[in-house]
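Got your viewer open? Here's a short tour, stop by stop, with something to select at each one.

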Amino acid sequence: MTQTAVAPPVTPDGGYAWFILLSCFLVFGLTFGVIKAFGVFYVEIHRYFQTTATGTSWITSIAVATIHVVAPAASALSARYSHRSVVIVGGLMCSFGVMVGAFARNLTELYLTVGFLNGFGYALTWTPTVTMLGLYFESRRPLANALASAGECILTFVLTPLFQLLIDSYSWRGALLILGGLQLHLCVCGLLLRPLKGSCQGEIEACPNAELRTKILRYVDYTLITNARFMVYSMFGVFAALGFFAPALFLVPYARSKGIEEYQQLTATVILLATVLLLCPLSSSFSELAAFSAAYGLVYGATVAIHITVLAEVVGVHRLGSALGFFMLIRSSGGLLGPPIAGFFIDKMSDYGTGFLMAGVALIVSAMFLLLLHQMNRRGQPLRYCMCDGGNVCRRDSTKGQS
């Protein structure tokens with residue numbers, strides 16, 4: 001009797017999935033963790049080129065915006081080729097951009113290297129890895145996202161004093177060269193991304209009989225722009241990005257200026273994060289600033305851990321790759337404008353505390369969009385999920401909306 005081979009489960013929630021989690025943990029740390037720790041470089045570059053707070057902040061801002069704008073392309077390239085190859089190329093690009101930036105003669109060259117090239121590489125590494133994590137986990141997806149995003153917080157905590165030590169020892173240029181070498185580890189993270197069998201989420205060749213429209217949707221699911229809940233959630237992302245990136249960039253210079261040496265759960269964490277940021281200007285001593293940093297890190301970590309999980313619930317895991325790309329693209333305006341707007345207020349008011357006030361207000365506005373999304377979910381609009389029959393044909397079935 002011939003036994004029919006059974007395809008392995010699409011979302012194993014265990015086994016090799018933990019290696020995917022490890023890869024995502026490191027990618028979070030070596031991308032957004034580096035961005036958060038870049039405030040140490042900000043101080044030295046600001047002093048070296050004798051420029052304004054706004055001018056220096058554009059380095060980080062361009063990197064963040066490039067991550068968001070290139071994210072849809074990263075998703076499409078992953079679908080066409082493989083998540084592994086795209087991440088490896090991204091890691092090489094990050095390393096190259098930062099190393100070349102170490103020899104920059106002006107801010108414009110830093111914008112192009114540490115800003116644009118580095119941000120382009122970040123998009124090619126972060127987007128496919130997070131998408132792969134969503135495919136490997138289902139019932140444990142919230143836990144997996146929380147553990148993976150912890151890499152951003154933990155490596156920010158580790159890299160900030162490390163960067164300061166490297167700058168003190170080798171100058172900011174030497175520290176950038178070492179950072180470029182460190183980011184080559186993103187290529188190792190890419191090697192860990194083994195394609196998931198029995199899923200239509202991999203390369204396009206996995207579904208050879210798909211029609212042209214299905215192939216296009218597998219690269220870029222443009223129908224997401226007609227999803228009202230997705231667009232509301234994306235507006236949350238825009239305003240959240242306005243407040244996410246400025247505080248980490250200006251925390252170190254703010255400390256220097258004070259004479260100090262070197263759905264509901266998601267809505268609640270965003271409001272708490274905004275509250276913490278609004279209270280930051282009241283900090284005037286090391287102990288108070290340390291308390292602020294601890295509170296900010298705790299609440300920010302909770303926010304990052306939850307928002308990817310919520311996105312998967314809004315659109316369904318089968319559309320997570322495209323949704324993540326489009327979400328990042330729409331959110332790019334906030335990531336691009338956040339640091340410069342904060343820098344503008346700092347330059348005008350001659351007070352770094354105003355940058356934190358701007359970030360707090362932006363996060364409060366973002367929370368309003370989450371409240372709107374919650375009301376839409378209460379009306380019980382159905383979500384559509386994708387299943388694969390034999391790993392060849394995808395069909396979508398409506399299911400009961402999430403609570």
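How far is the sulfur of Cys94 from the closest cysteine sulfur, and which residue holds that sulfur? Keep in mind that you're looking at a predicted model. Select Cys94 and Cys187 and put a distance label between their sulfurs: the gap is 8.5 Å, and Cys187 is the closest partner on offer. A disulfide needs the two sulfurs within 2.5 Å, so that separation is too far for a bond. While you have Cys94 selected, check its surroundings: it's buried, with a relative accessible area of 0%.

Now add Cys189 to the selection. Its nearest cysteine sulfur also belongs to Cys187, 8.8 Å away, and Cys189 is in no disulfide. Cys189 is buried too, at a relative accessible area of 1%. Across the protein, the disulfide count comes to 0.

Time to zoom out and switch to cartoon. You should find 13 helices and 2 strands. The protein has 403 residues, and 56% of them count as buried. Turn on the surface if you like: the accessible area is about 16,900 Å², with 68% of that belonging to carbon and sulfur atoms.

Next stop, the interior. In soluble globular proteins, nonpolar side chains tend to be buried together. Here the largest nonpolar core takes in 76 residues. To find your way into that core, select Phe41, Ile45, Leu110, Phe163, Leu176 and Phe230, the residues with the most contacts inside it. Then color helix α5, residues 107-136, which supplies the largest share of the core with 13 residues. Try coloring by domain as well: domain 1 (12-195) and domain 2 (245-382) each contribute at least three residues to this core.

Stay with Phe163 for a moment and show its neighbors. Leaving out residues up to four places away in sequence, Phe163 touches Val34, Ala37, Val40, Phe41 and Leu179. Apart from the big core there's another one, of 5 residues; select Val43, Ala53, Ile346 and Tyr352, which are among them.

Last stop: helix α6, residues 141-182, where you'll find Glu152. Is Glu152 buried or exposed? Glu152 is buried, with a relative accessible area of 3%. Show its side chain together with that of Lys36, and you'll see what joins them: a polar contact of 3.1 Å.

Notes
Residues numbered from 1 in each chain as written. Predicted model: local features only at pLDDT ≥ 70, side-chain atom pairs only at ≥ 80, totals over all residues. Heavy atoms only, no water. Helix = DSSP H or I, 4+ residues; strand = E, 2+ residues; numbered from the N terminus. Buried < 20%, exposed > 50% of the residue type's maximum accessible area, 1.4 Å probe, protein only. Polar contact = N/O pair within 3.5 Å; in protein donor to acceptor, adjacent residues only side chain to side chain. Core = buried A, V, L, I, M, F, W, Y, C linked by side-chain atoms within 4.5 Å. Domains from an automatic or database assignment. Contact = heavy atoms within 4.5 Å. Areas by Shrake-Rupley, 256 points an atom, 1.4 Å probe, with all protein chains shown as cover.
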